[in-house]
Protein chains: 2
Amino acid sequence: MLTIKSRAHDYTVENFPDLASALITIPAQRSWFLIDKRFSEFYRPILDQAVPANRAVYVEATEEQKSFEALTPIFLDLLKRELKRDGLLIVIGGGVLQDIGAFIATVLFRGLRWELIPTTLLAQADSCIGSKSSINIGPYKNQIGTFCPPNRIQVTSSVLATLPWDEIRSGLGEVIKLQLLSSEKGFRELMDDLKSWRKTEDREQKAVAAIPAELLSKWVSRSLEVKKPYVEADEFDKGIRNILNYGHTFGHAYESATHYGIPHGIGVVLGMLTATYLSVRLGLAEVVHYQELKTMLQPWHEPYSNILRKGSRDEIFQAIKHDKKNTGQAVNCILTRGFGRMEKMPVPLAEQLVPAVNDFIERECGSA
Amino acid sequence: MLTIKSRAHDYTVENFPDLASALITIPAQRSWFLIDKRFSEFYRPILDQAVPANRAVYVEATEEQKSFEALTPIFLDLLKRELKRDGLLIVIGGGVLQDIGAFIATVLFRGLRWELIPTTLLAQADSCIGSKSSINIGPYKNQIGTFCPPNRIQVTSSVLATLPWDEIRSGLGEVIKLQLLSSEKGFRELMDDLKSWRKTEDREQKAVAAIPAELLSKWVSRSLEVKKPYVEADEFDKGIRNILNYGHTFGHAYESATHYGIPHGIGVVLGMLTATYLSVRLGLAEVVHYQELKTMLQPWHEPYSNILRKGSRDEIFQAIKHDKKNTGQAVNCILTRGFGRMEKMPVPLAEQLVPAVNDFIERECGSA
């Protein structure tokens, strides 16, 4: 069990062997449920055991749901089901459900107790702690949000073992990032363990993960241990926590310029490679460090670097310029001097950043 | 200058002789403005001096504006005007503008610095401190909201002196409530000062206030001094702060059952009389106390008790039952044992509350 300190209230991350064991700890008679629709289809019998039918609202986990228009019927559904201010909201799903659930729990009755059962690697290993939520408005993505940690997080790696392969790789992007921020030792141990992470095909012949549950559980825990001190020291992301954005300025731009053809965590992997490449060009990191990372990370982003290569370069630079972290003619980037030695610094846009990103995409990505 | 402690950040209430003096303290070059449309029409030349035209969004101060649908274009307007996370939001208006501004400042960029220039007696003397915001959703009023204090409040009583008379009386309801909560001495001093509060008629022959600015200023300050310890001790309204709801369970029901034919603060005055009447029937307060209050408060609610008398009794009891503070067959009421001696206690609905409210409205309100 991990305890996270927060201005609002401390909260815990608790591990369970399976979903049913996690659900049994929930006081069903004073709880209301917000559940990822797709997840519920896979776990219907277990959920039916634990969730009173008249207390559950099912939500599609899409970006479109993260808007005031789409949230309104969810609020109304919960109110119609007589959720009251002393009720407990249980959120079961990945990042989108967490964003929606955290937002609702912050503003309904000016704040509601809530608990989170994250069901993706990304949510379990990264986003579940740190208390951020993000909502879209009009054309502006993630510009609305709150800081509102759950009162408790229940993690069970058993629900991850059969996720689609790219969903696993997307979560893994943040797991890799956290070990790069941590130490060379942590990163190399992760790379060793990843050798046994395999994909297989399900009945519909889609690529799904086939990973030992104890390895998933190990790297979920290790990731949260790395992230914890950052979010405790700087919950509201005004200083040291910015380091966790390593790879994200570029990653977000790659996601958006490919119209989300690149999953988030895979964008982050490509973004970290870009940041390392830029760091080499700025004389901060050695080229052998970049080359080693490039080789080691390739299996975890291919073939998405091809998609990046085909994306609009204009849209990439527009997105970098409009990144909510920027102000003037320089872009605040998290750069690297090597394992565990990341630093935030401004990089002049026209003189340094644009040529480096152009060269990275043309020379380093996909097949030339 | 008054300083209020808050979990988010301490904040100050500063007094200014007039609007121009308050506006001059605002760093216009890094500020964006949310302004009550009607107020802006009265103070156009002064606002034009201080507010860059491309940084101001004007909002109608109506209940309909307090919804996600109506807020969306306001968010988008601010974003289009290039408000960034390091910008400062200046909110100028009464309670509705405060609700909207506080909500936007809580959730835009996960929190934005904001300052408030309250322009009604109710906002200056009561709602500006305590950090609550309220938004409506579908048929549910004020069920959405946040706790988000402004970073600074600039008060100038000069903008109150010409408000519509009922707007002054509505704010006065909360001023009276705070003195009743405070002490017999404070309440009697207020009642003495009120003898000089007059209404007059404007060019359009509407009733407007004609009140010495120093008396408005005095009772704004006195009110905030009474409220301050409650909101500091219990910012999130889980205990002692509930006392500030004195008169509100009934007042809200009267407002809603008359479809807002009764202004908020005047509903509170009628609600406090109801609570005192009920307290007498429950053996808590003496009948002479009720009778004295009834006589003294009459000028500050007439002729609205007639409107209450004509309102639907069913809707009143429905509203009381659905009050967000209630749970079962008893209603949590703030009752009184006399000046400064209010207490929260459950009152059985059918046996005690319903007959007392019926008798209050039939025997004590309007012309029989």
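The domain assignment splits chain A in two: domain 1 covers 2–159 and domain 2 covers 246–368. This is a predicted model. The C-alpha centres of the two domains of chain A are 32 Å apart.

Helix α7 of chain A spans residues 165–182. It has 18 residues and reaches 25 Å from its first C-alpha to its last. The expected value at 1.5 Å a residue is 26 Å, so the helix comes close to it. Most of α7(A) is covered, with 14 of its 18 residues buried. Buried here means 20 or more other C-beta atoms within 10 Å of the residue's own. An α-helix has 3.6 residues a turn, so residues three or four places apart point the same way.

Now turn to chain B. Seven of its strands form an open sheet, ordered β1-β2-β9-β6-β5-β3-β4, with mixed pairing. β1 (2–4) and β4 (56–59) of chain B are the edge strands, each pairing on one side only. On average, neighbouring strands in this sheet are turned by 20 degrees against each other, direction ignored.

Look inside the sheet next. β5 (residues 88–93) and β6 (residues 113–118) of chain B run parallel and are joined by six bridges. Across this pair, B:Ile90 stands opposite B:Glu115 in β6(B). Helix α5(B) packs on the sheet and touches β3 (31–36), β4, β5 and β6 of chain B. Its direction makes about 165 degrees with that of β5(B). Helix α9 of chain B, residues 213–233, lies across β1, β2 (11–15) and β9 (152–155) of chain B. α9(B) runs at about 25 degrees to β1(B).

Further along chain B comes a hairpin. Strands β12 (residues 330–336) and β13 (residues 342–348) of chain B pair in the antiparallel sense over seven bridges. B:Ala330 faces B:Pro348 in β13(B). Five residues lie between the strands of this hairpin, and B:Gly338 takes a positive phi near 135 degrees.

Finally, the two chains meet. The contact takes 22 residues from chain B and 22 residues from chain A. On the side of chain B, the elements that give two or more residues are α4 (68–80), α5 (95–107), β7 (132–137) and β8 (140–147). β8(B) supplies the largest share of that side, six residues. By class, the side of chain B that touches chain A has eleven nonpolar, six polar and five charged residues. Helix α5(B) thus appears twice: it packs on the sheet, and it gives residues to the contact with chain A.

Conventions
Residues numbered from 1 in each chain as written. Chains lettered and ligands numbered in written order. Predicted model: local features only at pLDDT ≥ 70, side-chain atom pairs only at ≥ 80, totals over all residues. Helix = DSSP H or I, 4+ residues; strand = E, 2+ residues; numbered from the N terminus. Buried ≥ 20, exposed ≤ 12 C-beta atoms within 10 Å, placed from the backbone. Pairing = 2+ DSSP bridges. Contact = placed C-beta atoms within 7 Å. Nonpolar A, V, L, I, M, F, W, Y, C, P; charged D, E, K, R; others polar. Domains from an automatic or database assignment. Axes fitted to C-alpha atoms, helices over the stretch in contact; angles between N-to-C directions.
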